[in-house]
Amino acid sequence: MRGPRPQQRLARRRSRMEKRYRRLLALYPRDHRREHAEEMVGVLLAADGDTHVRAPKPVAWALRFGQHAADSADLIGGALRIRGRMALNRVRRTRWLSWTVRDRRWSDALAVVSVVAPLLLLVAALTEFRIPQAVASSVTGHPHWGLTATLGLADLPMAAGAPGVTLLVFLRLRRLAGLGALATAIGQLAAGAVPAFAGYADPAVAFTVLLSCTAAAALLLSPGPDRGLALLTRSGTALVGTGALILGGFSVGGGVWFGPIDDGAPLRSGDFGGKVAGLPADLLIAAVLVTAAAACLRAPVSRRVLALLAIPVIPYAFLWQEKLAADLFGQPGGGSAIVPSSIPLLYLPPLLLASLILTGTWLARRRAGERDRQVRSATSGPRSAVRA
Amino acid sequence: MQEPTFLILTALAAGAQHGYGIMTDVARISDGRVRLRAGTLYAALDRLKADGLVAGDKEEIVDGRLRRYYRITDEGTAELAAEVGRLRANAAVAASRLGLAGGTA
């Protein structure tokens, strides 16, 4: 029985080659494929016809194999070059860190947070170095709280980062402020890692680390303080700042109410109320602060602002419950908490909340995209019918 | 300018050509030293088009396959001329230092 004619064999081989080349052309960007795939296949097949040589079967097969391997590698290389160039052009076209959230309400909420979070960070730093407590002590005559005497290397991220970020925010240097907040978070994480991760289990550290991260995200992903201040208004910003300062100064660790005296025993000052007076005062100030901030904004934005600010504030609850324990059992400081704070307890709920927000926004965006597509197909439908 | 780019522009300087024509012309111009393959050629054409040095020309169907022609643009011609000038100047300096041209003969 005779085999297929050479012409048929060639046609079959070409068809196989074409399939193989088309598979490789799938690596190219869609636009490039649409424009050049047909002519590239034509060129590849024409080039193959040119290199066809008469030789013993194994030699011809080896030559063809080498040719195809080289062409395939070249096609893959070409696809990588084109995709690489496209990616590079996209980066070049994009202004430096200019990607912002598209959804208007989330973008506005992030813009407000880009003002509030750095303010809170500054207050947290001031509180860490006992500045509001010292001021309060001098005003009230309470003698036991002075400024932190020594600043260690671990204090540096907050000591330098928080005022720096706030300054950059009010100079409207959004991206630099965002990077500064990110550096502050990384610095704190690095500092917390020094004594075998012990620092991470401190609610105050968790609060400031998460607050720095939230500030960084808000600054880098939103129009920034310009828009945030416009939404919040100056009086709103002043209100938030003052409220945070009062909250920070008078509540963290019960600074003014409790403090070690010379013999190390806790002191409770009668001037500042009874046994549990501190906690309701905190809650009252927090409630006033939240209401004031929410009142300054339109409802859909304020809800989002509160959701975003809840991320760093969750570990703050541990400070309050430590304080509550101190109020109830009279043992301020470590070991007095009702629920001892731990790394998972401090970090998992905020991370879960952040994931929830991300998933929610992603789903909302997808739904909006589907709605748009439906609207488009509904509006283009009758027109195509007419054309048909 | 890289050599394949220089050779592609040189091939097109004589007139519009299709992809396969450019490949064979480049091999001819370089005396068989540079053999462009389809991946390299179309990646280069894509870049040259984006830079405005090359533009698409006419299209035709030959043996049931699309054949698209490319031509050099004015900008491409100027770029090629500038490169020729640079290469010529460099070649002249190299030749004079090697004593191949000028007053030493």
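These are my notebook entries on a predicted model with chains A and B.

**Ground rules**

I counted residues from 1 along each chain as its sequence is written, with chains lettered from A and ligands numbered from 1 in the order in which they are written. Since the model is predicted, local features need pLDDT of at least 70 and side-chain atom pairs count only at pLDDT 80 or more, while totals for chains, interfaces and linings use all residues.

**Entry 1: chain A overall**

I looked up the secondary structure of chain A. I found 12 helices and 0 strands. Helices here are DSSP runs of H or I with at least four residues, strands are runs of E with at least two, and both are numbered from the N terminus. Chain A has 388 residues, and 32% of them count as buried. Buried means 20 or more other C-beta atoms within 10 Å of a residue's own; exposed means 12 or fewer; partly exposed is in between; the C-beta atoms are placed from the backbone.

I then checked contacts, meaning pairs with backbone-placed C-beta atoms within 7 Å. Taking chain A contacts between residues at least 6 apart in sequence, 76% join residues at least 24 apart.

**Entry 2: the cores**

Next I looked for nonpolar cores. Such a core is a set of buried Ala, Val, Leu, Ile, Met, Phe, Trp, Tyr and Cys residues joined through C-beta atoms within 7 Å. The largest has 51 residues, and A:V112, A:V113, A:V116, A:L121 and A:A215 touch the most other members. At least two residues each come from helix 4 (104-128), helix 6, helix 7 (174-192), helix 8 (203-221), helix 9 (225-251) and helix 11 (299-329) of chain A. Helix 4 of chain A gives the most, 17 residues. Another core, of 34 residues, lies apart from it, and its members include A:Y21, A:L25, B:L48 and B:Y70.

**Entry 3: helix 4 against helix 6**

I looked up how these two helices of chain A pass each other. Their axes come within 9 Å and cross at roughly 150°. The axes are lines fitted to C-alpha atoms over the stretch in contact, and angles run from 0 to 180 degrees between N-to-C directions. Helix 4 of chain A is therefore roughly antiparallel to helix 6 of chain A. The cut-offs are under 35 degrees for roughly parallel, over 145 for roughly antiparallel, 65 to 115 for roughly perpendicular, and oblique for the rest.

From helix 4 of chain A, the contact residues include A:P118, A:L121, A:L122 and A:A125; from helix 6 of chain A, they include A:A159, A:P163 and A:T166. By class I noted 13 nonpolar, 2 polar and 1 charged residues. Ala, Val, Leu, Ile, Met, Phe, Trp, Tyr, Cys and Pro count as nonpolar, Asp, Glu, Lys and Arg as charged, and the others, Gly among them, as polar.

I picked out A:P163, which sits in helix 6 (residues 156-170) of chain A. A:P163 counts as partly exposed because it has 15 C-beta neighbours inside 10 Å. Beyond its neighbours within four places in sequence, A:P163 contacts A:L122 and A:A125. Its C-alpha is 8.3 Å from that of A:L121, 42 residues apart along the chain.

**Entry 4: A:L308**

I checked A:L308 in helix 11 of chain A. A:L308 is buried, because 24 other C-beta atoms lie within 10 Å. Outside its neighbours within four places in sequence, A:L308 contacts A:A109, A:L110, A:V113, A:T214 and A:A218. A:I357 is 49 residues apart from A:L308 in sequence and 8.2 Å apart in space, C-alpha to C-alpha.

**Entry 5: positive phi**

I listed A:R172, which is not a glycine yet has a positive phi of about 65°. A:R172 lies in the loop between helix 6 and helix 7 of chain A. A:R172 is exposed, with 12 other C-beta atoms within 10 Å.

B:D31, also not a glycine, has a positive phi of about 60°. I found B:D31 in the loop between helix 2 and helix 3 of chain B. B:D31 is exposed, with 7 other C-beta atoms within 10 Å.

**Entry 6: chain B and the interface**

In helix 1 (residues 3-13) of chain B, I noted B:T5, B:L7, B:I8, B:L9, B:A11 and B:L12 as buried. These buried residues pack against elements of chain B including helix 3 (38-50) and strand 2 (54-62). Just after this helix, B:G15 takes a positive phi of about 150°.

Last, I looked up the interface. I found 15 residues of chain B in contact with 19 residues of chain A. On the chain B side, helix 2, helix 3 and strand 3 give two or more residues. Helix 3 of chain B has the largest share, 7 residues. That side divides into 6 nonpolar, 3 polar and 6 charged residues.

Notes
Contact = placed C-beta atoms within 7 Å.
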